[in-house]
Amino acid sequence: MKQLGEEDKKYKLTFEKMVNFVRSIGLEVNTNTKARGHQGFFLKNRIDISSNIDYKRKIEVLIHEFTHYVHYKIDPSVVKSHGSLAILFPDSDIDRVEAELMRVTKFVDRNRALHTLYVQRENTLDEIKKLSSEIKMEYPDFKRSSPYKPIEKEIKKTDAKYLLKYDRVKVKTMFLGATKDYSVQTIDTDFPKFDYCTKTYIVLKSKQRLLKRISGRINRLSSYYKRPTELFARFVEALFVDTAKVSELAPHAYLVFCSELSKNRYLHLADLINNFF
């Protein structure tokens with residue numbers, strides 16, 4: 001078993017105290033779990049924290065999931081509608097609050113899923129531009145936004161036509177009943193007679209499909225992050241990570257939050273923050 005360093009021991013102790021606090025107000029907390037494939041999740045009066053993350057991250061996840069619980073207690077509609085920022089930040093500019101909380105979300109999530117997808121998208125765009133430039137050297141009128149018939153007509157005479165839509169295919173021969181596997185990754189060996197531009201065109205189509213998938217995941221994840229319940233949970237999580245940075249990124253939301261917190265409008269969240277932040 002890996003020995004914990006002094007800092008890890010400190011986080012472990014803080015996490016254990018947090019778990020005891022959350023349990024003391026009547027919530028079930030499971031720490032020896034895979035958390036349904038996530039780092040953590042909240043369901044009614046139960047919080048699961050993944051056992052596969054370090055103690056610092058466990059603290060952040062517990063804060064995040066506990067904030068979901070508080071939000072649910074304040075506004076039970078979160079179960080169906082993902083809640084409302086207006087209830088959490090009364091008498092404030094909600095459009096401004098939402099914009100500020102999104103900035104905080106990007107800050108606290110900078111090393112995680114959305115950031116990774118943005119990097120993948122930029123890298124894929126660069127690869128697409130490079131491949132397009134290489135094809136344009138041979139075909140100056142080439143446009144990657146639409147099918148290019150001078151190249152596709154040769155491809156469509158072969159089984160490579162399937163690679164214009166799929167990265168990997170299994171093609172059954174008409175008479176023998178045997179199958180042949182083709183892949184964008186093995187164009188050189190599968191279709192050795194193709195010239196460089198033809199092979200590059202097939203790779204380009206594959207990269208364009210990849211870009212579409214990445215953009216779709218970004219859109220779905222962005223929609224998820226914009227839910228009021230997620231914005232609020234990441235805001236509170238970020239307060240633990242770096243309060244000064246949060247006040248800088250979200251000055252209006254931070255002031256309203258502190259005012260509501262002082263009035264005990266966020267229930268047990270005040271106790272968690274006063275004891276552990």
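## A walk from arginine 57 through the cores

Arginine 57 is found in helix 2, which spans residues 55-74. The model is predicted. Is arginine 57 buried or exposed? Its relative accessible area is 14%. The cut-off for buried is under 20%, so arginine 57 counts as buried. Its side chain makes a polar contact of 2.8 Å with the side chain of glutamine 39. Leaving out residues up to four places away in sequence, arginine 57 touches Gln39, Arg112 and Glu237.

Next to arginine 57 in the numbering comes lysine 58. Lysine 58 lies over the face of tyrosine 55, 4.4 Å from the ring centre. A second lysine does likewise: the charged end of lysine 10 sits over the ring of tyrosine 11, at 5.1 Å from its centre.

Compare another arginine. Arginine 213 belongs to helix 9, residues 196-225. Its relative accessible area is 38%. Buried needs under 20% and exposed over 50%, so arginine 213 is partly exposed. Glutamate 260 is 47 residues from arginine 213 in sequence. In space, the two are 41 Å apart, C-alpha to C-alpha.

Now the nonpolar interior. The largest nonpolar core has 54 residues. Which of them touch the most other members? They are Phe66, Phe89, Phe235, Phe257, Tyr266 and Leu269. A separate, second core holds 21 residues, including Ile135, Tyr148, Ile202 and Leu204.

Stay with tyrosine 266. Not counting residues up to four places away in sequence, tyrosine 266 touches Val70, Ile74, Leu88, Phe89, Phe232, Val256, Phe257, Glu260 and Leu261. Two of these names, Phe89 and Phe232, lead on to the aromatic rings.

The model has 19 aromatic pairs. One of them joins phenylalanine 89 and phenylalanine 232, with ring centres 6.0 Å apart. Their planes meet at 85°, so the pair is edge-to-face. Phenylalanine 89 lies in the loop between helix 4 and helix 5, while phenylalanine 232 lies in helix 10. The pair therefore links parts of the chain that are distant, 143 residues apart. Both phenylalanine 89 and phenylalanine 232 are buried.

Phenylalanine 232 also pairs with tyrosine 266. Here the centres are 5.6 Å apart and the planes stand at 45°, a tilted arrangement. Tyrosine 266 sits in the loop between helix 12 and helix 13 (269-276), and phenylalanine 232 in helix 10, so this pair ties together parts 34 residues apart in sequence. Tyrosine 266 is buried, as is phenylalanine 232. Elsewhere, one aromatic cluster is formed by Phe21, Phe42, Phe66, Tyr69, Tyr72 and Phe276.

Last, helix 5. It covers residues 94-108, 15 in number. From first C-alpha to last it reaches 21 Å, close to the 21 Å expected at 1.5 Å a residue. Aspartate 93 caps its N-terminal end. A side-chain oxygen of aspartate 93 lies 3.3 Å from the backbone nitrogen of aspartate 95.

Which residues of helix 5 are buried? They are Val97, Glu100, Leu101, Met102, Val104, Thr105, Phe107 and Val108. What covers them? The cover includes helix 4 (85-88), helix 9, helix 10 (228-241), helix 11 (243-249) and helix 12 (251-262). Two of these have appeared before: helix 9 holds arginine 213, and helix 10 holds phenylalanine 232.

Definitions and conventions
Residues numbered from 1 in each chain as written. Predicted model: local features only at pLDDT ≥ 70, side-chain atom pairs only at ≥ 80, totals over all residues. Heavy atoms only, no water. Helix = DSSP H or I, 4+ residues; strand = E, 2+ residues; numbered from the N terminus. Buried < 20%, exposed > 50% of the residue type's maximum accessible area, 1.4 Å probe, protein only. Core = buried A, V, L, I, M, F, W, Y, C linked by side-chain atoms within 4.5 Å. Contact = heavy atoms within 4.5 Å. Expected span 1.5 Å × (residues − 1). Polar contact = N/O pair within 3.5 Å; in protein donor to acceptor, adjacent residues only side chain to side chain. Phe/Tyr/Trp six-rings, centres within 6.5 Å; stacked < 30°, edge-to-face > 60°. Lys NZ or Arg CZ within 6 Å of the ring centre and 35° of its normal.
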